[in-house]
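The following note is addressed to a student who is beginning to read protein structures. Please keep the sequence and the model open while working through the numbered points.

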Amino acid sequence: MRAAVLHETGQEKLEVLDDVEAVGFGPGKVRLRIRATGLCHSDVSAMSGVLPQPAPFIPGHEGAGEVVDVGDGVSGLSAGDRVLVCWLPACGDCPSCKRGQTHLCLAGFMNAGTPNFRRPGGDVFGFAGTGTFTEEVVVGAGCAVPIPDDVPFEIAALIGCGVTTGLGAAINTAQVEAGSSVAVIGCGGVGISTIQGARVRGAAQIVAVDPVASRREAALRFGATEAVAPDELADAKQRVTGGEGFDYVFEVVGRSATARTAYETTRRGGTLCVVGAGAMDDTFQVNMFELFFDEKRILPSMYGGGDVLRSYERAVALWRAGRIDLESMITHRVRLDGINDALDQMRTGEALRTCVEL
Ligand SMILES: [Zn+2]
Ligand SMILES: [Zn+2]
């Protein structure tokens, strides 16, 4: 079958091959036919080595499709079911799951070191234990979450990562208060979802910050009350908050420099919510005096910061009610052959979300 493979970490281009096989099918597993997959920035970060991932590997973790085959012992799923791919499946049994924080369950990572694919040349891993830039993938049953019939595959794919991550940061983690002031630094798919989450929560001002003009324009369409370039943020802080700083600042880039800017843009007693996925060797620094004296809350948010399945359901409910717009987030569509162009469009910020149809 066809799949897009990264041979070595650090390479910029994927090779689309048709000699790839999805392996590992058996008890507790399901085989999926992927129909749509989004390009998430984490795919690019794994390719460049910012996020740890063994190579060669097939990127993609934001996908949806149909169940082809169900292994022994799998209940609640059967062939033909429409599902989205959850790259962080909950075991339901560990302390994190029992607390309702299924996004902190590590069970899914236990399989991350096991290859999901094979080629004549050897084993191939799947990014984050999934790998959706492919026609078929075998995953644990917990990674296949049924979706309602009215949710198209491409919308379900977005809910599988970017939308859940961004909405959840505003709704679960920061719990943005009605009438508050918000700044969102970084307006790709996740940042736009954060803006939509802040709007759903009733924020009065939402300032979008991004160096790319097309993303600033997009942010305004999705609920930002104004959009500025990074060098205009200090001015916006002065204008919108009287210099005090925003009630909530979301860092959706994943770099210590932007996190530091976000910290300084947060008001005393306000909330800095770190959503971006950064590197292990990039250290965020706060001195002990400001940490104590300014009482800013630093809240990291991973994958929506809450019960993952509940977050999916909520995203579907908000989308169905017309409270969030997911269709317009898909600015580009390609077939698998166009994957490298799509990656470039993501790197330059030209695409908000590209959907790969398979
Ligand atoms: Zn668990
Ligand atoms: Zn993602």
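1. Buried area is the accessible area, found with a 1.4 Å probe, that two parts lose on being put together, summed over both. The structure discussed here is a predicted model. By the definition above, domain 1 and domain 2 bury about 1500 Å² between them. Carbon and sulfur atoms account for 60% of this area.

2. The division into domains deserves attention next. Domain 1 comprises 3–161 + 306–347, while domain 2 covers 163–300. Taken over C-alpha atoms, the centres of domain 1 and domain 2 are separated by 27 Å. The contact between them involves 19 residues of domain 1 and 19 residues of domain 2. On the side of domain 1, the residues that lose the most area to domain 2 are Cys-161, Arg-314 and Met-329, which together make up 30% of what that side buries. How many salt bridges are counted between domain 1 and domain 2? The count is zero.

3. Two zinc ions should be examined separately. Which residues coordinate the zinc ion (ligand 1)? They are Cys-91, Cys-94, Cys-97 and Cys-105, each through its SG atom, at 2.3 to 2.4 Å. The spacing of these donor residues in sequence is C-x2-C-x2-C-x7-C. The angles among the four donor atoms are 105 to 117°, and the site is tetrahedral. Four donors count as tetrahedral if all angles lie between 85 and 135 degrees, so the range found here meets the rule. For comparison, the ideal angle for four tetrahedral donors is 109.5 degrees. Two of the donor residues may be set side by side: Cys-91 is partly exposed, at 38% relative accessibility, whereas Cys-97 is buried, at 10%.

4. The surroundings of Cys-97 include Thr-102, which touches that residue. Thr-102 is located in the loop between helix 2 (95–98) and strand 8 (117–119). Is Thr-102 buried or exposed? Its relative accessible area is 8%, and because buried means under 20%, Thr-102 is buried. Leaving aside residues up to four places away in sequence, Thr-102 also touches Ala-90, Ser-96, Gly-306, Asp-307 and Val-308.

5. The zinc ion (ligand 2) has as its protein donors Cys-40 (SG), His-61 (NE2) and Cys-161 (SG), which lie 2.0 to 2.2 Å from it. In sequence, these donor residues follow the spacing C-x20-H-x99-C. His-61 is found in the loop between strand 5 (57–58) and strand 6 (62–70), and Cys-161 in the loop between helix 3 (153–159) and helix 4 (162–173); the pair therefore ties together parts that are 100 residues apart in sequence. His-61 and Cys-161 are both buried. Cys-161 was also named above among the residues of domain 1 that lose the most area to domain 2.

6. Helix 1 (residues 41–48) is largely enclosed by the rest of the structure, because six of its eight residues are buried. These residues are Ser-42, Asp-43, Val-44, Ser-45, Ala-46 and Met-47. Their cover includes strand 4 (29–38), strand 5 and helix 11 (339–348). Just after helix 1, Gly-49 takes a positive phi of about 100°.

7. Salt bridges form the last topic. The count comes to 19 salt bridges. One of them joins the side chains of Arg-2 and Asp-337 at 2.7 Å, N to O. Arg-2 lies in the segment before strand 1 (3–5) and Asp-337 in the loop between strand 18 (330–335) and helix 11, so that this pair links parts of the chain 335 residues apart. Arg-2 is partly exposed at 26% relative accessibility, and Asp-337 is exposed at 59%.

8. Further pairs complete the picture. Arg-260 and Glu-290 meet in a salt bridge of 2.8 Å, N to O; Arg-260 belongs to helix 8 (residues 256–265) and Glu-290 to helix 9 (residues 288–293). Arg-260 is partly exposed, with a relative accessible area of 23%, while Glu-290 is buried, with 12%. Arg-268 and Asp-294 likewise meet in a salt bridge, at 3.0 Å, N to O. Arg-268 lies in strand 16 (residues 266–274) and Asp-294 in the loop between helix 9 and strand 17 (297–300), so the pair ties together parts 26 residues apart in sequence. Finally, a network of salt bridges links Lys-13, Asp-344 and Arg-347.

Terms used
Residues are numbered from 1 along each chain as its sequence is written. Chains are lettered from A and ligands numbered from 1 in the order in which they are written. This is a predicted model: local features need pLDDT of at least 70, side-chain atom pairs count only at pLDDT 80 or more; totals for chains, interfaces and linings use all residues. Side-chain values use heavy atoms; hydrogens and water are left out. Donors are N, O and S atoms within 2.8 Å of the metal (3.2 Å for Na, K and Ca); water is not among the atoms, so sites may look incomplete. Four donors count as tetrahedral if all angles lie between 85 and 135 degrees; four count as square planar and six as octahedral if opposite donors are over 155 degrees apart and all others between 65 and 115; anything else is irregular. Buried means under 20% relative accessible area, exposed over 50%, partly exposed in between (1.4 Å probe, protein chains only). Helices (H or I, at least four residues) and strands (E, at least two) are DSSP runs, numbered from the N terminus. Domain bounds come from an automatic or database domain assignment. Contact means heavy atoms within 4.5 Å. A salt bridge is a side-chain nitrogen of Lys or Arg within 4 Å of a carboxyl oxygen of Asp or Glu.
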